[in-house]
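The following exercises concern the strand pairing, burial and overall dimensions of a single chain. Each task is followed by a solution in steps.

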Amino acid sequence: MGEMVEREIQAYSPDLVIVTGDMTSWSTRREYREAAKWLRGIESPLLVVPGNHDIFWWNPFIQIFDSHCNFNRYIQHLTQPIFKRKKLTILGVDSTARFLFGMGYVSGSERSRLKAQLERIPMDHYIIVAFHHNMLPVPGTGMNTTALFNYRKMLNILQTYRVDMVLNGHRHAFHIQLIDELERDKLKMKATDSFHPQIIVTCNSTTSSRYRGNIRENGYNVIQIMPEHVEIHQQIFDPTENIFVTRRSDRFKNLKIQ
Ligand SMILES: [Fe+2]
């Protein structure tokens with residue numbers, strides 16, 4: 001599956017490949033070496049954030065002293081923390097938490113770093129923020145709760161800085177949720193002077209055979225940011241034909257770039 005995905009990426013030759021975490025199961029050096037080898041084979045620039053499985057979730061001792069040691073050693077140098085292209089900015093955030101049994105938490109220092117970065121982005125830029133844990137439930141996964149302990153804080157930061165799109169992994173299932181004013185009221189988000197609609201996109205398991213709930217398929221998303229609109233294409237692996245096919249395409253108005 002990994003080789004097939006690599007060929008797909010080569011065919012698209014995207015400006016950026018975003019990996020939203022859980023590249024390993026146990027954070028071992030062997031797994032990380034394999035993940036790093038696969039990532040090095042990708043010719044496009046990479047933006048990689050860690051998932052809960054990438055930080056020694058099973059070993060409290062290593063968690064205390066150096067939970068990110070293998071991520072830092074094998075992946076950090078391959079990823080860029082920020083991607084800028086014309087009027088598009090993409091940021092990565094670490095949502096992994098020690099001692100929360102897989103649940104996410106964006107730390108105070110990580111939130112400060114994110115806010116400092118967002119403050120510097122011009123108002124007319126399309127902004128995408130990628131992190132592993134889902135702020136809202138993903139249907140079909142059998143998990144009807146948030147995966148991010150302080151999701152309200154993150155929703156408010158993302159709204160304050162008019163972030164346009166959020167990319168998540170974790171739940172192993174494709175989902176698009178539009179945060180419009182109706183959803184904002186349901187979520188009891190802080191009212192802002194001018195509400196900014198946001199798109200939250202969750203990705204399928206791309207190469208892993210670990211699935212959640214009744215979603216048992218591999219896939220990835222192709223996202224195109226254009227001056228007038230944004231397109232999200234869900235690519236799903238079809239085992240009968242042994243190829244990836246486009247399951248669905250969604251189009252949203254680009255509210256930033258006029
Ligand atoms: Fe995860």
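**Exercise 1.** Determine in which sense β7 and β8 pair, and over how many bridges.

*Solution.* In this predicted model, strand β7 covers residues 175-179 and pairs with β8 in the antiparallel sense over 5 bridges. One point of register is given by Ile 179, whose bridge partner in β8 is Gln 198. Strand β6, residues 165-168, also pairs with β8, here in the parallel sense over 4 bridges. For that pairing, Val 166 has Ile 200 as its bridge partner in β8.

**Exercise 2.** Place these pairings in the sheet: state the order of its strands and identify the edge strands.

*Solution.* As background, strands of a sheet pair through backbone hydrogen bonds, either parallel or antiparallel. The open sheet consists of 6 strands, ordered β3-β4-β5-β6-β8-β7, with mixed pairing. Its edge strands are β3 (82-85) and β7, each of which pairs on one side only. From one strand to the next, the twist averages 15°. Within this order, β5 (residues 126-130) pairs with β6 in the parallel sense over 3 bridges. There, Ile 128 stands opposite Met 165 of β6.

**Exercise 3.** Decide whether the residues of β8 are buried or exposed, and treat its two faces separately.

*Solution.* Begin with the strand as a whole: β8 spans residues 198-202, and 5 of its 5 residues are buried. Next, separate the faces. One side carries Gln 198, Ile 200 and Thr 202, and the other carries Ile 199 and Val 201. Since every one of these residues is buried, both faces of β8 are covered.

**Exercise 4.** Identify the residues that touch the most other members of the largest nonpolar core, and the strand that gives the most to this core.

*Solution.* The largest nonpolar core has 45 residues, among which Val 129 and Ala 130 touch the most other members. Strand β5 gives the most to this core, with 5 residues. Leaving aside residues up to four places away in sequence, Val 129 touches Leu 91, Val 93, Leu 158, Val 163 and Val 166. A second, separate core of 6 residues includes Val 5, Phe 174, Cys 203 and Tyr 220. In soluble globular proteins, nonpolar side chains tend to be buried together.

**Exercise 5.** Locate Asp 22 and His 170, state the sign of phi for each, and explain why each counts as buried.

*Solution.* Asp 22 lies in the loop between β1 (17-19) and α2 (29-40). Its phi is near 60°, a positive value in a residue other than glycine. Asp 22 counts as buried because it has 23 C-beta neighbours inside 10 Å, and the cut-off is 20 or more. His 170 is in the loop between β6 and β7, and its phi, near 65°, is likewise a positive value in a residue other than glycine. His 170 is buried because 27 other C-beta atoms lie within 10 Å.

**Exercise 6.** Compare the radius of gyration of the chain with that of a compact globule.

*Solution.* For 258 residues, a compact globule would have a radius of gyration near 18 Å; the chain has 18 Å, so the two agree. Along its principal axes, the C-alpha trace spans about 50 × 45 × 35 Å. Of the 258 residues, 36% count as buried. Among contacts between residues at least 6 apart in sequence, 70% join residues at least 24 apart. The chain contains 7 helices and 11 strands.

Key: Residues are numbered from 1 along each chain as its sequence is written. This is a predicted model: local features need pLDDT of at least 70, side-chain atom pairs count only at pLDDT 80 or more; totals for chains, interfaces and linings use all residues. A residue is buried if 20 or more other C-beta atoms lie within 10 Å of its own, exposed if 12 or fewer, and partly exposed in between; C-beta atoms are placed from the backbone. Two strands pair if DSSP finds at least two bridges between them. Axes are lines fitted to C-alpha atoms, for helices over the stretch in contact, and angles run from 0 to 180 degrees between N-to-C directions. The radius of gyration is taken over C-alpha atoms; the globule rule is 2.2 Å times the number of residues to the power 0.38. Two residues are in contact if their C-beta atoms, placed from the backbone, lie within 7 Å. A nonpolar core is a set of buried Ala, Val, Leu, Ile, Met, Phe, Trp, Tyr and Cys residues joined through C-beta atoms within 7 Å.
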